[in-house]
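Work through the exercises below with the model open. Try each task before reading its solution.

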Amino acid sequence: MAKSAFDEALKIWMSGKLVKWEDATTHVATHALHYGSAVFEGIRAYKTERGTTIWGLKQHIRRLFDSAKIYRMPMPFTPDQIELACAEVVITNNMDEAYLRPLFYRGYNSLGVHPRACPTECVIIPLRWGKYLGPEALEQGVDVMVSTWTRIAPNTLPALAKSAANYANSHLTVVDAQNLGFTEGIALDTNGYVSEGSGENVFVIRDGKIVTPPLGASVLPGITRGCIMQLAREMNIPVAEGLIPRELLYIADEVFFTGTAAEVTPIRSVDKVIVGEGKAGQLTRQIQKAFFDLIEGRREDSLALHYWL
């Protein structure tokens, strides 16, 4: 049996109490396991000279509750309670840095498609997670492909919700990409415009201007996405939402991913076409620096993203 990638000495918050890793279980007849009736977040805690900060905690928890509302999922806890629970998980596990996975899901009661009788279960899983796309990716960039899988169409599944069901699409995107030797895939929307990666938002730079797909292009409203747009404005770099044709990926000066896991990761090639100089470009490096300066407390937090422990 392969060794687990998890730190099983950590404790998991489960519906109001901390339990041992091995005790955080659910039944195989759980509704979410069969129908994807779950919403979740990924949240990073960073170690800084000022102490540990849970980055964008309030914004992530707001989006979590938004996702639950879209899916008509009743919530047994308030946002404030979940924020405090996230802090408790980091502190109790003595973690200077962490990746937190809050997960709300429809639990055990029946296997009818309608989850009316299934309670909403809440867990917060702590992970020790490094650089999502690899430790060298922030400088050297990653190689990506345009996926053959299209992002979910409007009025099929709600793209604004961070739901387990949506990530079946992401699963196909990244598995195909890595099977073909790429790090990640970029999916197009139903109209053929750039949407997002399997778990990242996409930014394109050409002639000193930054563009990212609008929410209507089937993208998740990323917390890091919003942060990067604000940072660009503060740095007087033109930034806007706009439809991005696939071919612009090939002729862009710079392209980069953003996300809680990916942070700010440059893209060095798309479909084996080199982007710019094939590494982190000048504006991407400036954005990266501003982002990590903000996280590490060296830059004013104009969006109130810090949650200091």
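**Exercise 1. The hairpin**

Which residue takes a positive phi in the hairpin of β1 and β2?

Solution. This is a predicted model, in which local features need pLDDT of at least 70, side-chain atom pairs count only at pLDDT 80 or more, and totals for chains, interfaces and linings use all residues. Residues are numbered from 1 along each chain as its sequence is written, and side-chain values use heavy atoms, with hydrogens and water left out.

Step 1: locate the strands. β1 covers residues 11–14 and β2 covers residues 17–20. Strands (E, at least two residues) and helices (H or I, at least four) are DSSP runs, numbered from the N terminus.

Step 2: check the pairing. The two strands run antiparallel, with four bridges; pairing requires at least two DSSP bridges. Tryptophan 13 has leucine 18 of β2 as its bridge partner.

Step 3: inspect the turn. Two residues lie between the strands, and serine 15 has the positive phi, near 50°.

**Exercise 2. The nonpolar core**

Find the element that gives the most to the largest nonpolar core.

Solution. Step 1: define the set. A nonpolar core joins buried Ala, Val, Leu, Ile, Met, Phe, Trp, Tyr and Cys residues through side-chain atoms within 4.5 Å. Buried means under 20% relative accessible area (1.4 Å probe, protein chains only).

Step 2: find the hubs. The largest core has 31 residues, and those touching the most other members are Trp13, Ile54, Ile61, Ile82, Leu100, Phe104 and Ile124.

Step 3: assign elements. β1, β4 (43–48), α2 (57–70), α3 (79–92), β6 (98–106) and β7 (120–127) each give two or more residues. α3 gives the most, with six.

**Exercise 3. The cysteines**

Explain why cysteine 122 forms no bond with the closest cysteine sulfur.

Solution. Step 1: apply the rule. A disulfide is a pair of cysteine sulfur atoms within 2.5 Å. The count is zero.

Step 2: check the distance. The closest cysteine sulfur to that of cysteine 122 belongs to cysteine 86; it is 11 Å away, so it is too far for a bond.

Step 3: check burial. Cysteine 86 is buried at 0% relative accessibility. Cysteine 122 is also buried, with a relative accessible area of 0%.

**Exercise 4. The largest cavity**

Determine which helix gives the most to the lining of the largest cavity.

Solution. Step 1: list the lining. The residues include Cys227, Gln230, Leu231 and Glu234.

Step 2: assign the helix. Helix α6 (residues 223–234) gives the most, with four residues.

How values were computed: On a 1 Å grid over the protein atoms alone, a cavity is a set of points where a 1.4 Å probe fits but cannot get out, and a pocket is an open set with protein on both sides within 12 Å along at least five of seven lines; lining residues have an atom within 4 Å of a point. Buried means under 20% relative accessible area, exposed over 50%, partly exposed in between (1.4 Å probe, protein chains only).
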